[in-house]
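Here is a friendly walk through a two-chain model, written for someone who likes to check each statement against the coordinates. Have the viewer ready and follow along.

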Protein chains: 2
Amino acid sequence: MLERIKLTDLQSKVMTAEESAKFFEDGMTVGSSGFTRGGDTKVVLKAVAERAKSENLKITLVTGASLGHGTDAALVESGALKKRLPFQVDTVMRKNINAGNILFIDQHLGETAEHILDGQFKINLGVLEVAEILEDGSLVPTTSIGNNAEIAANADKLIIEINTSIPTNIKGIHDIYSVEEYGKRTPINITSCDTKIGTETIKVDPSKIVGIVFHDIQDAPGDIQPADEATAAIAENIVKFFEKEVEEGRLTKSLMPLQCGIGKVANAVLGGLEHSDFENLVMYSEVLQDSTFDLIDSGKMKFASASSMTVSQECYDRVIGNIESYKGKILLRPQSISNSAEVIRRLGIIGINTSLECDIYGNVNSTHVSGTHMMNGIGGSGDFARNAFISIFVTASIAKGGNISSIVPMVSHTDHTEHDVDIIVTEQGLADLRGLAPRERAIEIINNCVHPDYKAELLSYFERACAERGGQTPHILEEAFSWHTRLKQTGSMKKEELLVLNH
Amino acid sequence: MLERIKLTDLQSKVMTAEESAKFFEDGMTVGSSGFTRGGDTKVVLKAVAERAKSENLKITLVTGASLGHGTDAALVESGALKKRLPFQVDTVMRKNINAGNILFIDQHLGETAEHILDGQFKINLGVLEVAEILEDGSLVPTTSIGNNAEIAANADKLIIEINTSIPTNIKGIHDIYSVEEYGKRTPINITSCDTKIGTETIKVDPSKIVGIVFHDIQDAPGDIQPADEATAAIAENIVKFFEKEVEEGRLTKSLMPLQCGIGKVANAVLGGLEHSDFENLVMYSEVLQDSTFDLIDSGKMKFASASSMTVSQECYDRVIGNIESYKGKILLRPQSISNSAEVIRRLGIIGINTSLECDIYGNVNSTHVSGTHMMNGIGGSGDFARNAFISIFVTASIAKGGNISSIVPMVSHTDHTEHDVDIIVTEQGLADLRGLAPRERAIEIINNCVHPDYKAELLSYFERACAERGGQTPHILEEAFSWHTRLKQTGSMKKEELLVLNH
């Protein structure tokens, strides 16, 4: 184990997770590695949660994105969290956020590093998972980068978790680059998904390392749900759209760099590309998923760049066990770079993200159930949607057995405005909103995306809004949320007569 | 006059505006110069409007932003417009947009050039105001750039208006640069407000020029309203905030590059800086206004970059009459560059934009009166707010003699989500939302920004929303727009008892 601390002076810093937990103080802002289960800290924060069970110890926790292994839940349950950012997916945490017990800052993932740099979140203590510490003290990351580089540079103190389950030859799949302070910044010189602009390791002042903890715990495997009928239809609609764009000369068979949100739709879309005529695909995304590696292994995808990998156990074993063979095919970058507005706009990305609900004008709610309750967070969807070449949002047209229509008169919370939404896809069809004004967008969405059970009422709403109120974006404000309030009162967005009819 | 056509072959293309109007065909997409009254086409589109009075001639019109001299109104009134983008400020046009007579695409100003390049708006015919045509056919722009470079490069045919009221030595205040097509794009290499990366003139294929029309009409002067009490208080609150940031070491006396939306608040804020301790200020904005030139002339501002200048007649005479003395102090750029996400993020801009209404969580409506009726458009506010170092939104706390509260439970239309709004300022005070979660933001906004007449009810809404519904962003959807519907029914957002009390 100790051979993983090549800067031998640091070998004296090895301690248990419990010992390292003593560095945490009430009120601290803690920065931690971890981005959608990849490369998260696996033992130190759990030990902090243990400590907090018997002590008044509340921290603000800044990560890359969500964590695995129930760490967020453990922190919440022990009362160790005051504030959390920028993303989470944990059931226990979600419940406590919505109950007002934990303050949650839902943040564009590409923006968090800026606030570590500008002191909005001054990191008192950082906890970073690494594969190895090199002779100069620099850190070899594991399966994600997230905000690790900025945490390493800006934290007062650092605790390092060395994960011995990660082979040390993972070195070489990372490209570490942080922007300079304002006034000295130069362009982020990425002109292709595979451009390397940084270093293979994270530079750090070794004197800041106060503790090193060993473990051999693998990343929690991603929970990949198989494609259902709706998901498969959505994927098919997107592939058909791509084929049409190629046919009409607006895209080539290599498409443009792809970005996909996490989950079964993304996996289904990328899966759809595997059995298609597309070739030499590239990806510039946040997370590498099973489907990414399937495309790489099948020769369909040339290169994939992201900030993290979150895959099934099978895929994890395949990739981590053969990491050498993926060098030159994948890169993990800081999330300020994977999600950089500058790079996304320059590369011309096709962004595919999931919407919780969208409205007839193409505004998208990605986060808030019924306008109030946080699901996961906006994540990187805004970073990509705003600057993408084509910004696609996907959702099944209905949820909860048909009692919820994902397309509503007005979204109950807005994460992405109509300005940033080019295409909406459901299993019903695809609405191409490019070049359309709001009233045209409404017709396109209602005609192509809405479930038949809700189509007539939605069209009626739109027509009455135009006739009775008018405007650039016709709405009847008294009715705009009537579907949501009906859902709350009756358990269904359907009108009573329709409910009776269907039962 | 003819000496302004240095490429003598083109001198045969001189014609009247009426003759040039014959190149317009029904269904065409027309690109025109003009950005907030600066450098707009002044005679050709007016002649098109004349033609449309007696012919079926409807075009889609793509400009930089709004036009002066009533051109938009003339086009609307003659029925010449089918679709308009990306911005407007005309009363007649506004009325017709809201009546559904004209399709209006309200677009981030930094994005329009992308859609000229990607063919979403293929320009059939371009109309550009210039000061001169040089020997190689290249064009010397006048008082704005807007999307002129992309229109010149991508239009099938071009009509040039030569404005002889503009001195030809205006050449040198422009920096023309367009991004390459995808796959060949390199960074936009601006690292300081004054970095020049392009050419002084717009390159064009002279064979595309089908007509040249002379005129000597100056830009319509900007309509600068004097600061009222509320405006002055808002400006004072912002200056105080800047002073505090300097005191606490987060800003220097040179602040950061400033961006200001158009209007009296912006002018008042910049005016406030003139009589302050700040020094060596720089600006990276969309529009140079009177206040910009006042700061430059007083020595407070070193450099200002924008896409257009829109000033009073006095200021216009001062600047255009002494243009040589402003070289090296100002630059006009394409709006894809002045509003580039990449450059805005890199330079670390302080963006000050106007909100029509904002809500207790800091979501901002910049465009839609009562959620339906278009005012002007989102303009560049989104380009700046998303990528700014500090994103500030200003509004008077009340409007219509107190019958409207600009801070409402929920915005009736969302242009900027809470993720992109750092500071809200009214004449009542300033809410610093940086690092706060939604429930904290609500308290900060209610305490600092809301007018006393509305404070108790807004606090009551927030407290009841927390208690009765909870969530990350507590709302009572049935009540969220109750202030808007009350306004519609009673003419005031105030509760009846409060109305009685106040009369």
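## Parallel strands in chain B

Let's begin inside chain B, where strand β9 (residues 258-260) pairs with β15(B) in the parallel sense, over three bridges. Within that pairing, B:Cys260 has B:Ile352 of β15(B) as its bridge partner. This is a predicted model, so please read every value here as computed from it.

Strand β15 of chain B covers residues 350-354, and four of its five residues are buried, which leaves the strand mostly covered. β15(B) also pairs with strand β20 (residues 390-394) of chain B: the two run parallel and are joined by five bridges. Here B:Ile352 turns up again, standing opposite B:Ile392 in β20(B). If you want one residue to centre your view on, B:Ile352 is a handy choice, with B:Cys260 as a bridge partner and B:Ile392 opposite.

## A three-stranded open sheet

Chain B also has an open sheet of three strands in the order β17-β16-β23, and its pairing is mixed. Which strands form the edges of this sheet? They are β17 (364-365) and β23 (407-408) of chain B, each of which pairs on one side only.

Strand β16 of chain B, residues 357-359, is joined to β23(B) by two bridges in the parallel sense. In that pairing, B:Asp359 stands opposite B:Val408 in β23(B).

## Two domains in chain A

Moving over to chain A, we find a division into domain 1 (2-215) and domain 2 (229-455). The C-alpha centres of these two domains of chain A are 28 Å apart. Their contact draws on 48 residues from domain 1 of chain A and 45 residues from domain 2 of chain A.

Between them, domain 1 and domain 2 of chain A bury about 3,600 Å², with 60% of that area on carbon and sulfur atoms. How many salt bridges cross the interface of domain 1 of chain A and domain 2 of chain A? The rule finds one. To see a salt bridge in chain A, look at A:Asp175 and A:Arg333, whose closest N and O atoms are 3.1 Å apart.

## How the two chains meet

The size of an interface is often given as the accessible area lost when the parts come together. For chain A and chain B, the buried area is about 5,900 Å², of which 55% is on carbon and sulfur atoms. A:Arg386, A:His419 and A:Gln472 supply 12% of the area that chain A buries against chain B, more than any other three residues.

The contact takes 73 residues from each side, that is, 73 from chain A and 73 from chain B. Of the interface residues of chain A, 100% are also interface residues in chain B, so the copies meet through the same surface. Across the interface of chain A and chain B, the rule finds six salt bridges. B:Arg346 and A:Glu342 form a salt bridge, with their closest N and O atoms 3.1 Å apart.

## The symmetry axis

Two copies of a chain are related by a rotation about an axis and a shift along it. What turn and shift lay chain A on chain B? A turn of 180 degrees with a shift of 0.0 Å along the axis does the job, giving an RMSD of 0.0 Å. That is the relation of a two-fold axis.

In chain A, the C-alpha nearest the axis belongs to A:Glu342, at 2.1 Å from it. A:Glu342 is already familiar as the salt-bridge partner of B:Arg346.

## Backbone details worth a look

A cis peptide bond joins A:Leu85 and A:Pro86, with omega about 0 degrees. A:Pro86 sits in the loop between β3 (81-85) and α4 (91-98) of chain A. In chain B, the peptide bond from B:Leu85 to B:Pro86 is cis, with omega near 0 degrees, and B:Pro86 lies in the loop between β3 (81-85) and α4 (91-98) of that chain.

Two residues of chain B are also worth checking for phi. B:Asn280 is not a glycine, yet its phi is positive, at about 50 degrees. B:Asn280 is placed in the loop between α8 (264-274) and β10 (281-284) of chain B and is partly exposed, with a relative accessible area of 39%. B:Ser370, a residue other than glycine, has a positive phi near 55 degrees. The loop between β18 (368-369) and β19 (373-374) of chain B holds B:Ser370, which counts as partly exposed at 30% relative accessibility.

Note on methods: Residues are numbered from 1 along each chain as its sequence is written. Chains are lettered from A and ligands numbered from 1 in the order in which they are written. This is a predicted model: local features need pLDDT of at least 70, side-chain atom pairs count only at pLDDT 80 or more; totals for chains, interfaces and linings use all residues. Side-chain values use heavy atoms; hydrogens and water are left out. Copies are superposed by least squares on the C-alpha atoms of residues with pLDDT of at least 70 in both. Contact means heavy atoms within 4.5 Å. Buried means under 20% relative accessible area, exposed over 50%, partly exposed in between (1.4 Å probe, protein chains only). Two strands pair if DSSP finds at least two bridges between them. Domain bounds come from an automatic or database domain assignment. Buried area is the accessible area (1.4 Å probe) that two parts lose on being put together, summed over both. A salt bridge is a side-chain nitrogen of Lys or Arg within 4 Å of a carboxyl oxygen of Asp or Glu.
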